[in-house]
Structure formats: C-alpha cells, structure tokens
Amino acid sequence: MSNIKKAFENGKAFIAFITCGDPDLETTAAAVRAAVENGADLIELGIPFSDPTAEGPVIQGANLRALRGGTTTDKVFTLVKGLRRDIPVPMVFMTYANVVFSYGAERFISTCRAIGMDGLILPDLPFEEKEEFLPFCHRYGVDLVSLIAPTSENRIARIAKEAEGFLYIVSSLGVTGMRSEIKTDLASIVKVVRENTDVPCAIGFGISTPEQAKKMADISDGAIVGSAIIKLLEKHGKDAPKYIGEYVKSMKDAIR
C-alpha cells in the first residue's frame, strides 16, 4: 500500500505546503513540525526553483528567498533526513521537472526513497510525458502524483485510472494564490475521478480560509494549502512556526 494513503485514513486530510529554505532550513523544519503537531496529515515540501511556472507571486517570492539564502537540493535532502527522525506523516516533494532532470532522475528518485519521501509532484510535467520519470518512481517505490486541472476534461478518466498516491485536483485556472471564491464545478471532476479510481483526491490552489477548506474537503478527500502558509512565513520569518501551527489547527478543525 502506498504510504500516502495513510494521510486519508482518518477522515478528510489537511495537506500543508511549505517551500524549503524560506527564510532558512531551520525555520522550515520548525514549520513542518508545527504543522504536523497541529493536525497536518501530509506535508508537501517545495524544492525551490528559479522559474516556478505554476506558482503565483507569494510562492514565487518564497522560491527566490530560499535560493538567495543558498538552499540546494542536497541541503533539502539533509533537512528531510532530520525530519524523518520524528515526523511519521507522509511527505512528498513538489518541484519542477528540471530540478529532477538536472540532478539526474534516477539519483534524485533513489535518494527520495533513501531519505523517506513518499511521493513526487511535478506540476510542469505533462501527463503524456511522465514516462521520463515513472520507471524510476516504480523502481524505488516513490509515487508520482498526477494533477487534474479544470482544462483536463476528456483526460480526467485516463489520468485517474493511472493515479498513484493521491490525485491533486487544481481548483481554478491560473497559478497558486489565495482566491476570494472558487467557481469551478469541482464536484463533477471528482465524480469522474471516483468512477475511475480508488486513489484519494485532494483539492488545492486558492484555498486559504477554514470555510473554503471545509467546502473543498466536503467534495473531495482533503484540502491542500500553500500560499496562506507561505504568507505567514513571509510576515513572521523565523517566528512563523507558532503562527503556522495555529493556522493549521483552525483548518484541520474546519474539515474534521
């Protein structure tokens, strides 16, 4: 069984996204621990990249701050090794194909297995080109998580049939960032997913309030939040973990 499924075993999952190295790796570690202590069921760790095409200004800023601070892929791997001493919840990397490709796909994915990462999300990897990385993911037992967007339409069933770990349903067109309302007909997307797979699905992009999280979790198996957490890091810096813990608790309480 995929370790990621454990995140969805106790009701609706709250998934927290944190960019590694913003403002530094020590704060990232503290933020992850605060999120998990307050109910996060799965952690998405962003490996910073210079051109994060799926991200809005908030997470773009986090990527730039992390890179300026000297965060590298190897330093992120070391961070995860330390986290795995006391963090049992599933964790996945969210980064870009170029990060994996330039590191060496097999070397990157085998290291994921060695340090205890459960999955990999590459938002710029077209579903039709996943064979570039999938054989290595299967060899080392790392789930390659697929995304479904409002534009996926007639591809939803196919993507769902081949899903691993969980399905990341993108709530809205455009990039990550907080939205005042989400207008996409997500229920019909989730219906097609349910007809084609038992793999859980969670909704991300634009979720920032407990009300939005509850609404999205009611439709699917969980809610994913990134930009709202990154905003706390931007505002509070090294003091952010305390505020992240409080925020995660409010979101998890809302979706229970």
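This is a tour of a predicted model, stop by stop, with selections to make in the viewer. Residues are numbered from 1 along each chain as its sequence is written, and side-chain values use heavy atoms, without hydrogens and water. Local features need pLDDT of at least 70 and side-chain atom pairs count only at pLDDT 80 or more, while totals for chains, interfaces and linings use all residues.

**Helix H3**

Select residues 73-83, which form helix H3. Helices (H or I, at least four residues) and strands (E, at least two) are DSSP runs, numbered from the N terminus. Which residues of H3 are buried? They are Thr73, Val76, Phe77, Leu79, Val80, Gly82 and Leu83. Buried means under 20% relative accessible area, exposed over 50%, and partly exposed in between (1.4 Å probe, protein chains only). Now add helix H1 (25-37), strand S2 (42-46), strand S3 (91-94), helix H4 (97-103) and helix H5 (105-115): the buried residues of H3 pack against these elements. Contact here means heavy atoms within 4.5 Å.

**Strands S7 and S8**

Select 201-204, strand S8, whose two faces are both covered. Cys201 and Ile203 are buried on one side, Ala202 and Gly204 on the other. In a regular strand, side chains alternate between the two faces of the sheet. Next select S7 (residues 167-170), which runs parallel to S8 and is joined to it by four bridges; two strands pair if DSSP finds at least two bridges between them. Leucine 167 is opposite cysteine 201.

Continue to phenylalanine 205, in the loop between S8 and helix H9 (210-219). Its phi is positive, about 80°, although the residue is not a glycine. Phenylalanine 205 is buried, at 7% relative accessible area.

**Two more backbone stops**

Most residues other than glycine have a negative phi, and most peptide bonds are trans. Glutamate 153, in the loop between S6 and H7, has a positive phi near 40°. At 59% relative accessibility, glutamate 153 is exposed. Then go to the loop between S1 and H1, where proline 23 sits; a cis peptide bond joins aspartate 22 to proline 23, with omega about 0°.

**Salt bridges**

The structure holds 15 salt bridges, each a side-chain nitrogen of Lys or Arg within 4 Å of a carboxyl oxygen of Asp or Glu. Show aspartate 24 and lysine 238, whose side chains meet at 2.3 Å, N to O. The pair links the loop between S1 and H1 to the loop between helix H10 (227-236) and helix H11 (240-255), 214 residues apart. Aspartate 24 is buried, at 14%, whereas lysine 238 is exposed, at 60%.

Arginine 155 and glutamate 128 form another salt bridge, at 2.9 Å, N to O. Both are partly exposed: arginine 155 at 27% and glutamate 128 at 45%. Add Arg158 to the selection to see a network of salt bridges with Glu128 and Arg155.

**A cavity**

How many cavities of 30 Å³ or more does the structure hold? There are two. A cavity is a set of points on a 1 Å grid over the protein atoms alone where a 1.4 Å probe fits but cannot get out, and lining residues have an atom within 4 Å of a point. The second largest has a volume of about 50 Å³, the volume being the space filled by probe spheres set on the points. Select its lining, which includes Phe17, Ile47, Glu55, Asn63 and Tyr96. Strand S1 (13-19) and helix H2 (57-68) each supply at least two lining residues.

Technical notes:
On a 1 Å grid over the protein atoms alone, a cavity is a set of points where a 1.4 Å probe fits but cannot get out, and a pocket is an open set with protein on both sides within 12 Å along at least five of seven lines; lining residues have an atom within 4 Å of a point.
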